[in-house]
Amino acid sequence: MRRLTGPLSGLFILLMAGCAGITEDPTKDWSPEKFYTEAKEKVTEGDYETGIKYFETLEARYPYGRYAEQAQLEIAYANYKYEEPALAIAAADRFIRLHPTHPNVDYAYYLKGLVNFHGERGFINWLFGSKDDLSDRDPKGALEAYNAFNEVVQRFPNSRYAEDSRQRMAYLFEAQAKYETMVARFYYERDAYVAAVNRAKYALENYPRTPSTEDALGIMALSYKAMGMDDLLKDTLRILRRNFPESRYIAETGA
């Protein structure tokens, strides 16, 4: 063949170089089962980014069928492990919306609870550890975790995730009670006695029979004493004595 020279030779070389740089997609002939197996393996190995990519490609190429449905749930789990809580919750919500009667929808709710629960570890660790200012502490995630676990317990009482959900709910219930009582004390220490009483009442009404009950009653008693509201102080002390006869708050009020 006659050798190419001039401008055409440069164009030919560029075209050949471009073709040489094109890599074939190794997944182009993968079946749904192959996609699912490879994606699961990547997630198991900790390569969450690739696993998520495979699951998303599986759903895009084969949008119908059990593998696509399960891929949606696996995307939620992989994002949870990849520490992408917003994406994990969005994927779980999407699965619940698209498949409300799916046999594994209980896991979608449970996963939402886990994402919020572990996302609140900073709040929970702070709550049960050293204390600073309350102004930047938001227990919203703890509430959302509680609600998600409650969905599992109420709607799927026989689910394999129900018992763990119950235990986490109990833990979160106590954590919320402690938080509300701490806020009440925060107000009391700043002489905001009405706010302290209201917050303590909220804790007693919404989170009864927890270890924080004594503190909530005690803060109410101290606040009533500070405001000179003797009748309400006596009523609160009566309840405090009946339930916690050795409470230090009885002595603190001078009763």
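The paragraphs below lead through a predicted model of a protein chain, beginning with its overall make-up and ending at its surface.

Read from one end to the other, the protein chain contains 13 helices and 0 strands, and its pattern along the sequence is accordingly written as α-α-α-α-α-α-α-α-α-α-α-α-α. The chain has 255 residues, and 40% of them count as buried. One residue that illustrates what buried can mean here is Ala 76, which is found in helix H4, the helix spanning residues 66-81. Ala 76 has a relative accessible area of 0%, and because anything under 20% is called buried, Ala 76 belongs in that group. The C-alpha atom of Ala 76 is separated by 9.3 Å from the C-alpha atom of Arg 94, a residue that stands 18 residues away along the chain.

How helices are arranged against one another is the next step. Two packed helices are described by the angle between their axes and by the distance between those axes. For helix H6, residues 105-119, and helix H8, residues 140-155, the angle is about 155° and the axes are 8 Å apart. Because an angle over 145 degrees counts as roughly antiparallel, H6 is roughly antiparallel to H8. The way in which H6 passes H8 is a left-handed crossing.

From whole helices we can turn to individual side chains. Side chains of opposite charge can pair when their charged atoms come close, and the structure holds 12 salt bridges. One of them joins the side chains of Arg 61 and Asp 25, with a distance of 2.7 Å from N to O. Arg 61 lies in helix H3 (residues 48-61), whereas Asp 25 lies in the loop between helix H1 (7-21) and helix H2 (32-45), so this pair ties together parts that are 36 residues apart in sequence. Arg 61 is partly exposed, with a relative accessible area of 34%, and Asp 25, at 33% relative accessibility, also counts as partly exposed.

Other salt bridges lie within a single helix. Lys 34 forms a salt bridge with Glu 38, and their closest N and O atoms are 2.9 Å apart. Because they stand 4 residues apart in helix H2, Lys 34 and Glu 38 are separated by about one helical turn. What is the relative accessibility of each partner, and is each one buried or partly exposed? Lys 34 is partly exposed, with a relative accessible area of 33%, while Glu 38, at 18% relative accessibility, counts as buried.

Helix H8, already met in its packing with H6, holds another such pair, since Arg 155 and Glu 151 both lie in this helix, 4 residues apart, or about one turn of the helix. Arg 155 forms a salt bridge with Glu 151, and here the closest N and O atoms are 3.7 Å apart. Both partners are partly exposed, Arg 155 at 43% relative accessibility and Glu 151 at 30%.

The last stop is a part of the surface that is nonpolar. Val 194, Met 227, Met 229 and Leu 232 form a nonpolar patch there, and together they have about 300 Å² of accessible area. Among them, Leu 232 has its place in helix H12, which covers residues 230-243. Leu 232 is partly exposed, with a relative accessible area of 34%, and because residues of a patch need over 30% relative accessible area, this value meets that cut-off.

Methods. Residues numbered from 1 in each chain as written. Predicted model: local features only at pLDDT ≥ 70, side-chain atom pairs only at ≥ 80, totals over all residues. Heavy atoms only, no water. Patch = residues over 30% accessible without salt bridge, like charges linked within 9 Å, V, L, I, M, F, W, Y side chains within 5 Å. Areas by Shrake-Rupley, 256 points an atom, 1.4 Å probe, with all protein chains shown as cover. Salt bridge = Lys/Arg side-chain N within 4 Å of Asp/Glu carboxyl O. Helix = DSSP H or I, 4+ residues; strand = E, 2+ residues; numbered from the N terminus. Buried < 20%, exposed > 50% of the residue type's maximum accessible area, 1.4 Å probe, protein only. Axes fitted to C-alpha atoms, helices over the stretch in contact; angles between N-to-C directions. Parallel < 35°, antiparallel > 145°, perpendicular 65-115°, else oblique. Left-handed = near helix turned anticlockwise from the far one by under 90°.
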